[in-house]
Amino acid sequence: AKTKVVTQSIPLWLAVTRPRFDSWIVFSQDRLRKLNLREVMGQFENNERIIEDFGSLRPARGKGLWSVGMMEMTNRSRIIGLTIGGDNRGPRPNLLILDDVEHDPDNPESGPGLTDKLESKLFSIYMPMLDDGCSLYWIGTIVRANSYQYRVLHSKDPRYEFWNRRVLRVETKRGLLWPNKFSDKFIEERKMMMGYSEFAKEYLNRPGVAEQTLFRFNEKNHTYGIQRVDEDWMHGDPFTSHSIASTLTTSGDDVAFDKKPVADILATSFRFMTIDFCKKPSQTSDYTAICVMSVDSNMVLWVWDLWLKRAQHRDMLEQVLAMAQRWRVRVIAPEAVSVQEELADLIAKEVGERFSMEQGWRPHIMPLKFYGKRYTKADRIDTLEWRFKENLIRFPNASLDKWPWRELINQVSGYSGNPDMLRHDDALDALAMSTEVMKQRRVPAP
């Protein structure tokens, strides 16, 4: 319905009633552009009422362009069809329409790539058009929480504050949006047929609402507390700290308590750091995540430190070095794919120089490379499931309500098997990289 009204009816109405009016309509794929704009062309060519009221607006052969890429009407109005991946430059239009530019219904996996294309054009091409007086209609079904449209709708960014932003849902607390089309019977049938998660995504614009999440986070069984907190634990050397890590594990009516000095846990466990890079830091980009963990002799994954920030590479590098030194990690494991491989090489160079001179030892650099569709990000994150089931993962209890731990727990609790349903997955992905580190843990002694 929204495409019919905004992408077809509004440009058609403006073209016949406003001479010299230019409308640009941008789609995710060329086949969608052809499908929708052929409908508009058919109205100009065959709608008797339009022809009766406004005359034939299709130009004679040789007098103007007439295709899904460019319709030049005899009243000097134009409708131009474009794709988000094509060249969108040219004279400023009067109206710009973005129609589901981040979603290809025939190829859902292309979504993140379409988002990258949109982001590259939004501030270099589209936003300057608005400054020059162009109007914008941006419509779409929000099928991914990490889509740019989702960010704009829920962002407090001052650049979007004056926009008229609306999220329409077929069913609200006030009643039905369009009872004649989306009746109570229709809605219940769709929920039964699709499952609530898919229904929420398609009809409520609420991606990420899952009937069942993969990880059952339990604050009692999946956290540790710190007793006798001292200065070394807070800001100094945790290996000389006298603080105690306490854990509680419940199983039915059984409750087990355990206490160990944090220095002992650290000294006897395999310590490592994972890094999930952000390619291009910006106000709306993903984060760079740095996570310090260790695995003890009982295979418990202790999560000690977390850094989550949209940081430039130099700031990130300094943070890596500082955290590696404080926790004396044996392995630094950066994701090394495409552009990130250069950053992994830079980390290896800096770590080698600084630690050899200042510490007398240096961590082993373990670049993690994930290629192809055989081992996706979802596959990587899914490997954490057994740890939650077996209570073999521990987060710092006192930090769960603080950034960035709050964000990590939100990602853990909201994960339903598809990372695209999360607004961000950086911290969770850094946590999941622990599985790959443990597979390759044969490293030289420090």
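## Elements and model

Helices are DSSP runs of H or I with at least four residues, strands are DSSP runs of E with at least two, and both are numbered from the N terminus. In these terms, His103 is placed in the loop between β4 and α4. The structure discussed here is a predicted model.

## The loop between β4 and α4

The loop that holds His103 also contains Val101, between β4 (95-99) and α4 (111-131). Val101 has a relative accessibility of 1% and therefore counts as buried, the cut-off for burial being under 20%. His103 has a relative accessible area of 16%, so His103 is buried as well.

Apart from neighbours within four places in sequence, Val101 is in contact with Val26, Phe27, Ser28, Ile84, Leu114, Leu118 and Trp138. Val101 and Leu114 stand 13 residues apart in sequence, and their C-alpha atoms are 6.9 Å apart in space. With residues up to four places away in sequence left out, His103 touches Ser28, Leu114 and Val143. Ser28 and Leu114 thus appear in the contacts of Val101 and in those of His103.

## Thr141 and its surroundings

Thr141 belongs to the loop between β5 (135-139) and α5 (148-154). Its relative accessibility is 15%, and Thr141 therefore counts as buried. The side chain of Thr141 forms a polar contact of 3.0 Å with the side chain of Lys2.

Lys2 is also among the residues that Thr141 touches when those up to four places away in sequence are not counted; the others are Asp100, Lys201, Glu202 and Asn205.

## The internal cavity

The model has 1 cavity of 30 Å³ or more, and the largest cavity holds about 70 Å³ of space. Its lining includes Asp100, Val101, Glu102 and His103, together with Trp138, Thr141, Ile142, Val143, Arg144, Ser147 and Gln149. By residue type, the lining divides into 4 nonpolar, 4 polar and 3 charged residues.

Several of these lining residues also take part in the contacts described above. Val101 is in contact with Trp138, His103 touches Val143, and Thr141 touches Asp100. Val101, His103 and Thr141 themselves line the largest cavity.

## Helices α2 and α10

Helix α2 consists of 17 residues, 30-46, and extends 24 Å from its first C-alpha to its last, close to the expected 24 Å at 1.5 Å a residue. Its buried residues are Leu32, Arg33, Asn36, Leu37, Val40, Met41, Gly42 and Phe44. They pack against three strands, β1 (22-27), β2 (70-72) and β3 (78-83), and against the helices α1 (2-17) and α3 (48-54). An α-helix has 3.6 residues a turn, so residues three or four places apart point the same way.

Helix α10 covers residues 313-327; its 15 residues should span 21 Å at 1.5 Å a residue, and the end C-alpha atoms are 21 Å apart, in agreement. The buried residues of α10 are Met316, Leu317, Val320, Leu321, Met323, Ala324 and Trp327. Arg328, which follows α10, has a positive phi near 50°.

## Backbone geometry in loops

Most residues other than glycine have a negative phi, and most peptide bonds are trans. Arg20 has a positive phi near 60° and lies in the loop between α1 and β1. With a relative accessibility of 59%, Arg20 counts as exposed, the cut-off for exposure being over 50%. Arg228 likewise has a positive phi, near 55°, and is found in the loop between β8 (223-227) and α8 (231-234). The relative accessible area of Arg228 is 65%, so this residue is exposed.

The peptide bond that joins Trp403 and Pro404 is cis, with omega at about 0°. Pro404 is situated in the loop between β16 (393-396) and α14 (405-414).

## An exposed glycine

Gly62 lies in the loop between α3 and β2, two elements against which the buried residues of α2 pack. At 74% relative accessibility, Gly62 counts as exposed. Gly62 and Arg18 are 44 residues apart along the chain, and their C-alpha atoms are separated by 23 Å.

Technical notes:
Residues numbered from 1 in each chain as written. Predicted model: local features only at pLDDT ≥ 70, side-chain atom pairs only at ≥ 80, totals over all residues. Heavy atoms only, no water. Expected span 1.5 Å × (residues − 1). Buried < 20%, exposed > 50% of the residue type's maximum accessible area, 1.4 Å probe, protein only. Contact = heavy atoms within 4.5 Å. Polar contact = N/O pair within 3.5 Å; in protein donor to acceptor, adjacent residues only side chain to side chain. 1 Å grid on protein atoms, 1.4 Å probe; cavity = no way out; pocket = protein on both sides within 12 Å on 5 of 7 lines; lining within 4 Å. Points joined across faces, edges and corners; volume = space filled by probe spheres on them. Nonpolar A, V, L, I, M, F, W, Y, C, P; charged D, E, K, R; others polar.
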